[in-house]
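User: Could you walk me through this structure? I am new to it and would like to begin with the aromatic rings.

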Amino acid sequence: MKTLLIVSLLLIAVCFPPDAHSVKQVEELKGSGKQNEIPLLDNRFRVDDKIDEIKLIFFRRPGSPAVILVRPDGTKYFATNAVRNTSLDWYDELNYDLVVIRNPMPGPWQVIGQIMPESRIVVIGELSLKVDPLPKILFQGETVKVTGEILNDGEPIRANLFKDAVSLNVSFVSTNNENFENFGAGIQQVTEFKDDGYGFDESAKDGVFTGEFTLNFTPGEWRPELYITTDVLERRVVQDPIVVHEPPFSFTSVEATEKGDDHRITINIDDELLKPDTVIMQGKIYYPNGEEQVFYLDSNSTTARELALQDYGWGRYNIEISVFGSTINDREFMATLPTYLFEIERPIEVIPEIPVASVSEPEIIPVPVVKPKVMATGLMVSLIVGGNLAILFIGWLCIRVFVQNKPLKLKLNLAFLNKKKAVESKKAEQQKSDEPENSSKNDKSGGILNLSMSDD
């Protein structure tokens, strides 16, 4: 099955200056009921020799490759080589190509690509942006509705594909008036609207941008600016400065004094900006114990509304309020007020005083001071030196026995033993020299041992 690639084309051609042929062509188109639209025949269109610059927008399926333009002499224009061409600007976006050609070659041009049969060339005249003025009385938290429309020669553009490439932006610029709180606040970019039928837009592709936004920035004097912009097109509407007021509501609170009573919150309405008999309030109360309560306050002629809060003891009570009504100039409004915080501090527990019996002044007994014994400095030094020597000696023994594997030989009083041994051997030699020869013979033959004890 052959896949149909839906590629749409919209060409915007601007002539400087307009020639008689172009004016006649536009008049014929207006008379046919299709303002500034020319059918695209066989993917071809003709450029007049009086045109200094043309702007072409080719809509295609997202992700599809860019189209190719062919001049009357056969030269091809690609999106990839537009950077090197000083007479060509090419913006290759996700779902469309926007091409600007300066001093285009007169004659028949061709577009290579799968173009939808209903695609047309739109000759753009004087583009303008029509925006409804913002209300003069605005206040913080209010929700404002904006309506804008793109006009071509004073008439709405009927080429729906053109509307996909533009969006309506709303911003507020501080006037830097030192008498207001927003002095030096700069620019507040508020929102962006599209003609796609989503959000607050009423109808898709009807050429009218509708949307809502909330004034959730600092009150003061601001200059509203509404504009549409593309890569090569921008139209801006700058409105007169307006003053965004503080919310025209004030609060007073009364805590419950008796157990079972309610806390009372009074909401006061500023009748210099609003009509109290038209004001309706609804919202939600968040109690400190986690419970929630929805409330509704109907309109009446008084400038005060009273709200009862159940007493759940100390803690924080958060109150969210939405307001609906009319201003003094009969403009309907709706607003979300900043969350009102009602807080009861935690009570401080008072510890009762302990009664103290009257007693006589206690007798002060002196405590003997025991002086710690201080070790003598000389003894302390001796102990330290001796301990260090002992540690060194033990270490040396361990190295000798366990590391060097040398046995430990104890030589106790070696000098004394050697001297004694020398004396005994000298005496023995002397005795041998004094004995007769026969005694030595008897000794050799096994003489009798003298076992008698001496008188000593």
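Analyst: The following exchange covers aromatic rings and then strand pairing. This is a predicted model, in which local features need pLDDT of at least 70, side-chain atom pairs count only at pLDDT 80 or more, and totals for chains, interfaces and linings use all residues. Residues are numbered from 1 along each chain as its sequence is written, and side-chain values use heavy atoms, with hydrogens and water left out.

User: How many aromatic pairs are there in the whole structure?

Analyst: The search finds 10 aromatic pairs. Rings of Phe, Tyr and Trp (its six-membered ring) pair if their centres lie within 6.5 Å; planes under 30 degrees apart count as stacked, over 60 as edge-to-face and the rest as tilted. One of the pairs is Phe139 with Phe333, which is edge-to-face at 5.3 Å centre to centre and 80° between the planes.

User: Where do Phe139 and Phe333 lie in the chain?

Analyst: Phe139 is in strand β12 (residues 137-139) and Phe333 in strand β27 (residues 332-336), 194 residues apart, and the pair thus links distant parts of the chain. Strands here are DSSP runs of E with at least two residues, numbered from the N terminus.

User: Is Phe139 buried or exposed?

Analyst: Phe139 counts as buried because its relative accessibility is 0%. Buried means under 20% relative accessible area, exposed over 50%, and partly exposed in between (1.4 Å probe, protein chains only). Phe333 is buried as well, with a relative accessible area of 5%.

User: What about Tyr317 and Phe342?

Analyst: Their ring centres are 5.6 Å apart and their planes lie at 55°, so the pair is tilted. Tyr317 belongs to strand β26 (residues 315-326) and Phe342 to strand β28 (residues 340-344). Tyr317 is buried at 0% relative accessibility, and Phe342 is buried with a relative accessible area of 4%.

User: Which rings form a cluster?

Analyst: Ring pairs link Phe172, Phe213, Phe217 and Trp222 into a cluster.

User: Changing topic, which strands pair with β26?

Analyst: Among them are β23 (residues 280-286), over 7 bridges, β28, over 5 bridges, and β27, over 5 bridges. Each of these pairings is antiparallel. Two strands pair if DSSP finds at least two bridges between them.

User: Which residues stand opposite one another there?

Analyst: Ile319 is the bridge partner of Ile285, and Ile319 also stands opposite Tyr340 in β28. In β27, Met334 is the bridge partner of Phe324.

User: What is found in the hairpin of β26 and β27?

Analyst: The hairpin has 5 residues between the strands, and Asp330 takes a positive phi near 65°.

Notes:
Helices (H or I, at least four residues) and strands (E, at least two) are DSSP runs, numbered from the N terminus.
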